[in-house]
Amino acid sequence: MANEHFDVIIVGAGLSGIGAGYHLKTACPKKTYAILEGRDAIGGTWDLFRYPGIRSDSDMYTLGYNFKPWREAKAIADGPSILKYVCETAHENGIDEHIRFQHRVKRASWSSADARWTVEVERGAEKQIVRYTCNFLFMCSGYYDYAGGYDPAFIGTERFEGRIVHPQFWPEDLDYRGKRVVVIGSGATAVTVVPEMAKEAAHVVMLQRSPTYVVSRPAEDGIANWLRAKLPPMLAYQLVRWRNVLLQMYFFNRSRKAPQKVKQFILNLVKKELGPDYDVATHFTPRYNPWDQRLCLVPDSDLFLRIREGKASVVTDEIETFTQKGLKLKSGKELRADIIVTATGLKLQLFGGMQVAVDGRAVDIAKTMTYKGMMYSDVPNLASAFGYTNASWTLKCDLTCEYVCRLLNYMDAHYYTMCVAHRDGSVGEAPWLDFTSGYVKRALPILPRQGDRAPWKLHQNYALDLVALRYGKVDDGTLKFSAPDRTIAGSQEEPARAAA
């Protein structure tokens, strides 16, 4: 049986993949496409994670799609609401009709002679091998391993008589009412789980090795809700979106230029929440500057509220060993627990673990350099969607999708079948992510590099990317375009090629 062929294959039916489907449909309506999804549901992260209180740590006016207004009252939305929003987008635009579930992409091989990818997939529970071909491959599979989170090798876990749970695989039958809970971690997941579990647990301890910056914001955006009542939905949405983008950019730049002032500003807010007697210096004062790692957002001060109520507490220490009844810490202190939640982070993974080959040669993505944050040096006709580290994921993904559609239309207009970013030897290297978070540092050996100047340098700046990706030249001298001398099978006689 011949391989089924598409103009574009999108890998992943989460937030990015559904957005990619929309942009292809609207900007490249003649393109055929399929979305290959390894799981059996739309939503990616927002379908996988089911832990208590699951929510975004970005506001929905920037995490939402540029083309679909967020209409609910809460700007800091819970996971089920975000999943509903993504599914609605897919259904309203017929994108769900293009999804092939339980299609886990394992390998992709590019042939320059044929100007196409062959994508090998495991289909269904039986893992039947099927193959598709495409002219362009768009990776929207996220940045972490869905099969497993990061689980440090703690000593003595086998002795613990209670239950150990990783938030990435939250069990439906976990009853924590009236139980003593210890949550290991201080990142976005921990500050979400702790206040939610504390509503019903006997007590919840957030055990952290080192503190994180924690900032509270109202769950509802009063100005946004007022504007939505007075103005057309899209106008209100765009006004709030740009306000939030500009505020975030200002705060990030301020953190870079005056880190000590921003640090003191955040700590003063925490002191105001917890009172003068609370040990903010120990439990909420990180060793690094703001935005060296991502800030943790808590809606309506829920974490601080649970601490003030005595339903939750923070312990800053290191684990020596698990015991039968809980944890023994290096300070000698012991924490009793019925349930221990290891909110210890994600395991980064590019392309969902897919192997890549170009003309029979295996590609090590870690040895490539990213072009405009989305394409990879000497890897033809492939792009990937990645969000910002210092802002909402979807801001960058929307721009990436727009650019990919511009690129595809440009290639069609000039009868090109292949594009590749080629790096010359003068471009210097830098780490792909300038972030000190543990999950990033652990993954540096598998991540690509970025350059020391455009178009190889990551801006992490929405305004700069907007100008470059929406309005910048496609044929910028770095992207190399080509086409076979013969007519592509199935097409009409090839017209004279337009000048680039």
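Me: How far from Lys396 is the nearest side chain of opposite charge?
Reply: This is a predicted model, with local features needing pLDDT of at least 70, side-chain atom pairs counting only at pLDDT 80 or more, and totals for chains, interfaces and linings using all residues. Residues are numbered from 1 along each chain as its sequence is written, and side-chain values use heavy atoms, without hydrogens and water. Lys396 is buried (under 20% relative accessible area, 1.4 Å probe, protein chains only) and has no salt bridge (a side-chain nitrogen of Lys or Arg within 4 Å of a carboxyl oxygen of Asp or Glu). The nearest side chain of opposite charge (Lys and Arg positive, Asp and Glu negative, His and the chain ends not counted) is Asp465, at 4.1 Å.

Me: Which helix holds Lys396?
Reply: Helices here are DSSP runs of H or I, at least four residues, and strands are E runs of at least two, numbered from the N terminus. Lys396 lies in helix 11.

Me: How many residues of the largest nonpolar core come from helix 11?
Reply: A nonpolar core joins buried Ala, Val, Leu, Ile, Met, Phe, Trp, Tyr and Cys residues through side-chain atoms within 4.5 Å. The largest has 141 residues, and Leu407 is among those with the most contacts inside it. Helix 11 (residues 393–413) gives the largest share, 12 residues.

Me: Which residue in strand 25 stands opposite Val420?
Reply: Strand 22 and strand 25 (residues 479–482) pair in the antiparallel sense over 4 bridges; pairing needs at least two DSSP bridges. Met418 and Val420 point one way from strand 22. Opposite Val420 stands Lys480.

Note on methods. Buried < 20%, exposed > 50% of the residue type's maximum accessible area, 1.4 Å probe, protein only.
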